[in-house]
Amino acid sequence: MSKTIKYVECAHCCEVVGTYYVTCPYCGYKLAARRPTGMDPLYGMTDDEFYKRFGSM
């Protein structure tokens with residue numbers, strides 16, 4: 001099973017960190033909480049989620 005890891009840039013030190021962090025591991029800055037957008041973009045899906053939703057194309 002493959003998992004997609006998403007990354008964000010810290011607004012304080014500009015380092016790239018995973019979205020699973022609450023605070024930046026480099027500078028300690030509190031990262032913004034993720035909010036659901038109501039959209040379901042394909043590029044954020046894991047392989048398993050894609051095949052469950054669309055089947056094999």
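Trainee: How many disulfides does a search of the whole structure find?

Mentor: Zero. Keep in mind that this is a predicted model.

Trainee: What makes cysteine 10 a cysteine in no disulfide?

Mentor: Set the distance against the cut-off. The nearest cysteine sulfur, that of cysteine 13, is 3.8 Å away. A disulfide needs two cysteine sulfur atoms within 2.5 Å. Cysteine 10 is therefore in no disulfide.

Trainee: And how do you know that cysteine 27 is in no disulfide?

Mentor: By the cut-off of 2.5 Å. For cysteine 27, the nearest cysteine sulfur is that of cysteine 10, and it is 3.8 Å away. So cysteine 27 is in no disulfide either.

Trainee: Is cysteine 10 buried or exposed?

Mentor: Cysteine 10 has a relative accessible area of 1%. Buried means under 20%. So cysteine 10 is buried.

Trainee: Why is cysteine 27 called partly exposed?

Mentor: Its relative accessibility is 34%. Partly exposed lies between the 20% and 50% limits. Cysteine 27 therefore counts as partly exposed.

Trainee: Where does cysteine 14 lie, and why does it count as partly exposed?

Mentor: Cysteine 14 lies in the loop between strand S1 (7–9) and S2. Its relative accessibility is 49%. Exposed requires over 50%, so cysteine 14 counts as partly exposed.

Trainee: What is the phi of cysteine 14?

Mentor: About 65°, a positive value, although cysteine 14 is not a glycine. Most residues other than glycine have a negative phi.

Trainee: What makes alanine 11 exposed?

Mentor: Alanine 11 sits in the loop between S1 and S2. Its relative accessibility is 65%. The limit is over 50%, so alanine 11 counts as exposed. One distance to add: its C-alpha and that of alanine 32 are separated by 9.1 Å, with the two residues 21 apart along the chain.

Trainee: Why is tyrosine 20 called exposed?

Mentor: Tyrosine 20 is at 55% relative accessibility. Exposed means over 50%, so tyrosine 20 counts as exposed. Its place is in the loop between strand S2 (16–18) and helix H1 (47–54).

Trainee: Which residues form a nonpolar patch on the surface?

Mentor: Ile5, Tyr7, Val16, Tyr20 and Tyr21. Together they have about 550 Å² of accessible area.

Trainee: Which elements have the lowest and the highest mean pLDDT?

Mentor: H1 has the lowest, at 76, and S2 the highest, at 89. For the protein, the mean is 76, and 68% of residues reach 70 or more. Where pLDDT is low, the predicted coordinates should not be read in detail.

Notes. Residues numbered from 1 in each chain as written. Predicted model: local features only at pLDDT ≥ 70, side-chain atom pairs only at ≥ 80, totals over all residues. Heavy atoms only, no water. Patch = residues over 30% accessible without salt bridge, like charges linked within 9 Å, V, L, I, M, F, W, Y side chains within 5 Å. Areas by Shrake-Rupley, 256 points an atom, 1.4 Å probe, with all protein chains shown as cover. Salt bridge = Lys/Arg side-chain N within 4 Å of Asp/Glu carboxyl O. Helix = DSSP H or I, 4+ residues; strand = E, 2+ residues; numbered from the N terminus. Buried < 20%, exposed > 50% of the residue type's maximum accessible area, 1.4 Å probe, protein only. pLDDT = per-residue confidence, 0-100.
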